[in-house]
Amino acid sequence: MPYVAPISYRRSIQTLTTLAVALLLLATSKPAPAAPNSITLQSPNRQNEIRVDASPNHEAITYSVRRNAVQLIEPSVIDPILTDAGSLAKGAQIVDVREDEINETFTLPWGKTTTVANRCSRAVATLAMPSGLRWEVELRAYDDGVAFRYRIPAQPNVKEITIRDEATEFRPAASPRVLFDTLNGFVSSHEALYEHKPLAEVPTGRLIDMPILLTWPNGTAAAITEARVLNFAGMYLERPSTDDSRLRGRLSPLPTKKNLAVTAKLPLESPWRVILLADAAGKLLESNLLLCLNDPPEGDFTWAHPGKTSFHWWYGEFEDFYKPPIKPGAYFEKHKQYIDFCAAHHIAYHAVSGDGRPWYVQSNKKPGDYGAPGPDADVCTPLPELELPRILDYAKQHGVGIRLWVHWKPLSRQLEKAFTLYESWGVKGLMVDFLDRDDQEMIDFTERML
């Protein structure tokens, strides 16, 4: 009779076998890699570096920038502020990182270079909030600067996002000098005087226009600006306190909702926050980085022909032209002189605005009231006494293109009709004026107009 081991013995053997297999699996398997708490990205030439860190207590997401191993931007928060949930960075954890490179070239039909090299290192970090909301930070490191933006992808149970403001910071290291201008508010012609001061003397409590230029004693220069502003609000800076070197972002609010800057369906991408970098300020002029960060154009643009233009508005005060009464035919004669000058000197365009008032019909006809169109302004009906059809015909005969000045607001009410009409008149271009805002509504109108 064969020997049969006792049940207790067989169970012991089974237990030992299971334990041995478990130990073998433990010894041969690799644990899942933990998501990093930081990402460091270097430009292809290794001169520029951007680093993103998640703080150990999940209180903040910060970035910093170095050039030639010298820190230029100290750790600064990336922090969109949602209308309902508050800070998007507080409590966020990095749960995934993807890295790759971009290496491509494209051509420009006009500009400072014929060919542009779009070459950079790229990383996308996925972040998770305690609420379950996921968002991303994309980084790029170029040889002539660095950039970052945030993205809120489509996800279950979230259809729309509203952003109140943005507390993203720029903390320049070692107190550079700053070339900047300040504004009284978000509605502005952006025609203020620039100042050149140490960072410690930049005023607090005022909006600072972008771009701004930072320069350090060794010549190193950085320009802070933005790119690809689409379906979003423009950003400004402010120095909130005299106690530190921090510059904080401010989003342009919607004109009728002062505590709301952006409302959009997902997915949503912020504009690029850009820091152009060079060893001397003049070298920044050579950069095509902003072109690389904007989307490639879509469509046929063979109709667009850059060229010099005359513009009679600049000279009206000196020519004593706008003082009434204006004799019949005098307006045409004045523009005839400009068109003749353009034709003789191979200047492609002449721009027409009016005679101290817009060229189109509106009830407000006071000289100088270009910026007050009123609800009845009609950008499709020229003032008869200004003889615009005659000016257009004379310019066409002499090979000079006419560009029309127009206020954005009445144009927005008749956009399709006006553009169709101007094309039939042979108008070659427009100067659309007095936008004076870059909140989300105005950005959207600009895109629609383009």
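This passage walks through a parallel sheet, the nonpolar cores, a buried glycine and the salt bridges of a predicted model.

The sheet comes first. It is open and has 4 strands, paired in parallel in the order β24-β25-β28-β29. β24 (309–311) and β29 (429–433) sit at the edges with a single partner strand each, so one side of each has no neighbour in the sheet. On average, neighbouring strands are turned by 25° against each other, direction ignored. β24 is joined to β25 (residues 349–352) by 3 bridges, the two strands running parallel, and Ser310 stands opposite His350 in β25. Helix α5 (residues 388–397) packs on this sheet, where it touches both β25 and β28 (401–407). The direction of α5 makes about 145° with that of β28.

As for the nonpolar interior, the largest core has 56 residues. Those with the most contacts inside that core are Ile50, Tyr63, Trp135, Ile163, Ile212, Leu237 and Ile275. Leaving aside neighbours within four places in sequence, Ile212 is in contact with several residues, including Val178, Phe180, Ile224, Leu237 and Leu247. Another core, of 36 residues, lies apart from the largest one; among its members are Tyr331, Val379, Leu388 and Met442.

Gly234 is worth a look too. This glycine lies in the loop between β18 (221–227) and β19 (235–238), yet Gly234 counts as buried because its relative accessible area is 1%, under the 20% cut-off. Not counting residues up to four places away in sequence, Gly234 touches Glu226, Val229, Arg250, Leu251, Ser252 and Asp438. Gly234 and Phe186 are 48 residues apart in sequence, with 9.5 Å between their C-alpha atoms.

Turning to charged pairs, the model has 29 salt bridges. Arg151 and Glu269 form one of 2.8 Å, N to O. This pair links distant parts of the chain, with Arg151 in strand β10 (residues 145–152) and Glu269 in strand β22 (residues 268–269), 118 residues apart. Arg151 is buried, at 14% relative accessible area, while Glu269 is partly exposed at 23%. Asp96 and Arg98 also meet in a salt bridge, at 3.5 Å; Asp96 is partly exposed at 33%, and Arg98 is partly exposed at 42%. In the salt bridge between Asp439 and Arg437 the N to O distance is 2.6 Å. Here Asp439 is buried, at 2%, whereas Arg437 is partly exposed, at 22%. Through shared partners, salt bridges join Asp96, Arg98, Glu136, Glu138, Arg140, Arg149, Arg151, Arg228, Glu269 and Asp295 into one network.

How values were computed. Residues are numbered from 1 along each chain as its sequence is written. This is a predicted model: local features need pLDDT of at least 70, side-chain atom pairs count only at pLDDT 80 or more; totals for chains, interfaces and linings use all residues. Side-chain values use heavy atoms; hydrogens and water are left out. Two strands pair if DSSP finds at least two bridges between them. Axes are lines fitted to C-alpha atoms, for helices over the stretch in contact, and angles run from 0 to 180 degrees between N-to-C directions. Contact means heavy atoms within 4.5 Å. Buried means under 20% relative accessible area, exposed over 50%, partly exposed in between (1.4 Å probe, protein chains only). A nonpolar core is a set of buried Ala, Val, Leu, Ile, Met, Phe, Trp, Tyr and Cys residues joined through side-chain atoms within 4.5 Å. A salt bridge is a side-chain nitrogen of Lys or Arg within 4 Å of a carboxyl oxygen of Asp or Glu.
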